[in-house]
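Welcome! Take a look at the protein below, and then work through a few exercises with a solution to each.

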Amino acid sequence: MECTREKRYLPYNKWDADTLLHLQAQAANSPYQLHYHLHPISGLVNDPNGFSYFNGAYHLFYQSYPFGAVHGLKSWVHFKSQDLVNWTNLGLAVEPDTMADSHGAYSGSAREIDGRLFLMYTGNHRDENWVRTPYQIGAWMTKDGKVSDKTILFKNPDHITEHFRDPQILKQNDTYYAILGAQDKAEKHGHIDIWKSQDLKNWEELGFLDMGTEPMGYMIECPNIVRVDGKVVVIFCPQGLDKKIADYDNVYPDMYIIADDIDFENHKLINPGKLHNLDKGFDVYATQAFNAPDGHAYEVSWVGLPDTTYPTDDENWANCLSQVKELVIKDDKLIQKPVKAMRALRQDEEQVSDPIISEKAGQQYELKLKIAQGQTGNLHLAANEDLTNSLQIKFDTQNGKLVLDRAQAGQAVAVDHGTSRETSLVANKDLELDIFVDHSLIEVFVNGGEEVLTGRYFADQANPKIAFEQNTAYTGQLWQMKTIL
Ligand code: FRU
């Protein structure tokens, strides 16, 4: 589809039903479509938004442009779940239908307040000269899922450029705080800006969060704060970050810092640790996390990157969300684990122990392996008969190294940023892998979630094989995963 700016920002009601049906069919019938992860019904999805618990259920929205695989006029699509795995699509929730969000209902968060869900997000407005104003908007969702009472809360103050977005609403004692991604006018550096309010109507800027680090590139997107095991975790996406400050391979990283606490009033982290990449794979971005009433901290990510094209663009749909993960802290690092309900998707369990794990696994499964220490090898997934086409996991447990390699896994993606990702492991230890494959998505949990490597891949769906390249001492289970989405 040829996509002019005019077309990308056409109001939704100007599109005809036939076009939308055609786009939905393209997404649904794609061989790369996912079957147990949230994905577009049509068009493009990006950031998870409004991840929250309200009225006895989890709620999650995603950024959506329904009319093609481009970043056009964005809205929020609403999903609801009891278990963080099985989601019901409740449709369009936040539409770009006011002056303040005329060019997109951009990312934001949600929080239950007095029996309603308060949504706080960025309204992207452009004037006739295409000059942007980022309005921070509050809206309310009632128990029947209706969103109304959109109100402009504040816009970018004088010292911040048009790059000011993605508010997360937080509460401490009786005060509301919002953290936003921002770029200052003077230096054009990326920051997390903190605001406060007593009544959600009158807002006051407190200042940029001091994270104890050097400049964070030219912009920070999607900042999030979550409390995990008594610590404060700040998750955020710095753009243009100097690789000397923290190394990363993707176009923009999704990073986190663990601190002892946060002092909102003085906008600083107490005893912040170092920067870490949240995911060691290819495509994780815009992660959103929240503290749920069950006492756990959960996160979910966009699996897709800004400024990156993907093979399904040709089919007019793009991207997906990760599975929801539970967060804990061990040895000053985040551990990311699948949530319990993922186990209920397992079916047709097989115990596996041969080098050829399966000739007919397909590409919708969970594979759990314990590889005995002291071995070096290569595991092929989504492989053809002679293993020349496959997604590969290369491991060296002696030297503590693991590589996810998508070079031979079908259609190329973002090759300028490399075709493999490497992570280090504790040397001379058994290696535990919990691998989730969903047609064009792989999520590898290493050693109980000490590292996670996530990536899109676009292999021939007729490649059903899983095999080690060499004799390997291991034990494992393989399950087919149910289609739920
Ligand atoms: C991150 C982002 C956000 C913005 C949204 C728009 O992927 O650029 O900063 O709010 O996407 O869709």
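The exercises go from the whole protein to its sheets and then to the ligand.

The model is predicted: local features need pLDDT of at least 70, side-chain atom pairs count only at pLDDT 80 or more, and totals for chains, interfaces and linings use all residues. Residue numbers start from 1 along each chain, following the sequence as written.

**Exercise 1. Find out how the radius of gyration of the protein fits with a compact globule of 485 residues.**

Step 1: Take the rule, which is 2.2 Å times the number of residues to the power 0.38, with the radius of gyration taken over C-alpha atoms.
Step 2: For 485 residues a compact globule would have a radius near 23 Å, and the protein has 22 Å, which agrees.
Step 3: Add the extents: the C-alpha trace spans about 65 × 55 × 45 Å along its principal axes.

**Exercise 2. Describe the domains and where they touch.**

Step 1: Locate them: domain 1 covers 5–338 and domain 2 covers 346–481, with bounds from an automatic or database domain assignment.
Step 2: Their centres, taken over C-alpha atoms, are separated by 30 Å.
Step 3: Look at the contacts (C-beta atoms, placed from the backbone, within 7 Å): 27 residues of domain 1 meet 29 residues of domain 2.
Step 4: On the domain 1 side, strand 24 (residues 333–338) gives the largest share, four residues.
Step 5: Sort that side by type: 13 residues are nonpolar, nine polar and five charged. Here Ala, Val, Leu, Ile, Met, Phe, Trp, Tyr, Cys and Pro count as nonpolar, Asp, Glu, Lys and Arg as charged, and the others, Gly among them, as polar.

**Exercise 3. Work out which strands stand at the edges of the sheet 5-6-7-8, and why one side of each is left without a neighbour.**

Step 1: Count the elements: the protein has two helices and 36 strands. These are DSSP runs numbered from the N terminus (helices: H or I, at least four residues; strands: E, at least two).
Step 2: Recall that strands of a sheet pair through backbone hydrogen bonds, either parallel or antiparallel. Two strands count as paired if DSSP finds at least two bridges between them.
Step 3: Read the order 5-6-7-8, an open sheet of four strands with antiparallel pairing.
Step 4: Strand 5 and strand 8 (147–155) are at the edges; each has a single partner strand, so one side of each has no neighbour in the sheet.
Step 5: Zoom in on the middle: strand 6 (residues 116–126) and strand 7 (residues 132–141) share ten bridges, and M120 has G138 in strand 7 as its bridge partner.

**Exercise 4. Trace the sheet 9-10-11-12 and its hairpin.**

Step 1: This open sheet has four strands with antiparallel pairing, and strand 9 and strand 12 (204–208) are its edge strands.
Step 2: Strand 9 pairs with strand 10 over eight bridges, where I160 stands opposite D184.
Step 3: Strand 9 and strand 10 form a hairpin with two residues between them, and N173 in the turn has a positive phi of about 50°.
Step 4: Strand 10 (residues 175–184) also pairs with strand 11 (residues 190–197) over eight bridges, with Y177 opposite K196.

**Exercise 5. Which residues come nearest to the ligand, and which strands supply its shell?**

Step 1: Collect the residues around the ligand (C-beta atom, placed from the backbone, within 6 Å): of the 13, Q63, K74, Y106, S107 and E221 come nearest.
Step 2: Strand 1 (43–54), strand 5 (105–113), strand 9 (160–172) and strand 13 (219–228) each supply at least two shell residues.
Step 3: By type, the shell has four nonpolar, four polar and five charged residues.

How values were computed. Two residues are in contact if their C-beta atoms, placed from the backbone, lie within 7 Å.
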